[in-house]
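Good morning, everyone, and thank you for making room for me on the agenda. I would like to take you slowly through one protein model, so please have the picture open while I talk.

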Amino acid sequence: MDAIAPDTHAKRKSRWERAEPSPVQITARDLDYLQLLFENGPTRANLIHALVAPDVTQAVTTRRLNRLFRAPRPLLERPAQQRESYNANYSFLVYDLGAAGEQLLAERGCISEEDRAWRASLRRSRYLNFWHDVLLGEIIGSIRLGVRDNSALRFIPWREILRKAPHAT
């Protein structure tokens with residue numbers, strides 16, 4: 001009589017489910033991910049990878065973004081609207097900065113309270129038009145990539161522009 005081998009494969013979770021939280025040690029690269037999302041808004045994982053960590057594989061970046069998403073205090077969000085896309089299961093996930101991620105950036109001195117107030121005023125209608133926000137992140141990210149490859153140019157983030165703007169702005 002043949003014995004039936006127990007199923008040794010753990011059930012795979014859907015990419016849309018949040019895995020069990022686990023503690024995460026914040027690295028300098030993690031702060032770079034959070035900083036990019038603070039300035040860029042919702043951004044696809046492949047663009048985050050190209051802008052922050054091109055020296056590692058996409059898989060390394062994706063795993064780390066997932067860890068930051070499932071931390072006990074989720075630092076990142078994966079907006080639910082991306083599931084409405086016809087090819088949602090086959091596209092890179094879109095990530096955005098969560099409230100805990102913004103708080104961490106403030107605690108570490110990466111952003112000021114003035115920066116937070118400006119971002120809050122810009123994002124008052126968060127995800128009112130989700131795909132427009134994603135497209136804006138793609139455009140800004142593409143400009144960042146193009147500028148990075150040209151030493152004669154420099155990308156100036158919105159925070160720096162606003163700091164130098166007249167007070168009435």
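Let me begin with a question about one residue: is Asp30 buried or exposed? Before I answer, please keep in mind that what you see is a predicted model, and that each value I quote was computed from it. Asp30 is buried, because its relative accessible area is 1%, and the cut-off for calling a residue buried is under 20%. You will find Asp30 in helix α1, and, once we leave aside its neighbours within four places in sequence, the residues in contact with Asp30 are Gln25, Arg64 and Leu68.

Let me now step back to the whole chain. The protein has 169 residues, of which 39% count as buried, and its secondary structure consists of seven helices and three strands. If you follow the sequence from its start, the order of these elements is α-β-α-α-β-β-α-α-α-α. As for the surface, about 10,700 Å² is exposed, and carbon and sulfur atoms supply 56% of that area. When we take the contacts between residues at least 6 apart in sequence, 70% of them join residues that are at least 24 apart.

Now I would like to return to helix α1, which runs over residues 28-40, and ask how it meets helix α4, which covers residues 99-107. In general, two packed helices are described by the angle between their axes and by the distance between those axes. Here the axes of α1 and α4 come within 10 Å and cross at roughly 110°, which means that α1 is roughly perpendicular to α4, given that angles from 65 to 115 degrees are put in that class. The crossing of these two helices is left-handed.

Which residues of α1 and α4 meet there? From α1 come Leu31, Leu34, Gln35 and Phe38, and from α4 come Gly101, Glu102, Leu104 and Leu105. Sorted by class, this contact of α1 with α4 is made up of five nonpolar, two polar and one charged residues.

My last stop is Ala50, which lies in helix α2, residues 45-52. Leaving aside the neighbours within four places in sequence, Ala50 is in contact with Leu145 and Arg148. If you would like a distance to check in your own viewer, Ala50 and Thr61 are 11 residues apart in sequence, and their C-alpha atoms are 9.5 Å apart in space. Thank you for listening.

Technical notes. Residues are numbered from 1 along each chain as its sequence is written. This is a predicted model: local features need pLDDT of at least 70, side-chain atom pairs count only at pLDDT 80 or more; totals for chains, interfaces and linings use all residues. Side-chain values use heavy atoms; hydrogens and water are left out. Axes are lines fitted to C-alpha atoms, for helices over the stretch in contact, and angles run from 0 to 180 degrees between N-to-C directions. Helices (H or I, at least four residues) and strands (E, at least two) are DSSP runs, numbered from the N terminus. Angles under 35 degrees count as roughly parallel, over 145 as roughly antiparallel, 65 to 115 as roughly perpendicular and the rest as oblique. A crossing is left-handed if the near helix is turned anticlockwise from the far one by less than a right angle, and right-handed if clockwise. Contact means heavy atoms within 4.5 Å. Ala, Val, Leu, Ile, Met, Phe, Trp, Tyr, Cys and Pro count as nonpolar, Asp, Glu, Lys and Arg as charged, and the others, Gly among them, as polar. Buried means under 20% relative accessible area, exposed over 50%, partly exposed in between (1.4 Å probe, protein chains only). Accessible areas come from the Shrake-Rupley method with a 1.4 Å probe; for residues, only the protein chains shown count as cover.
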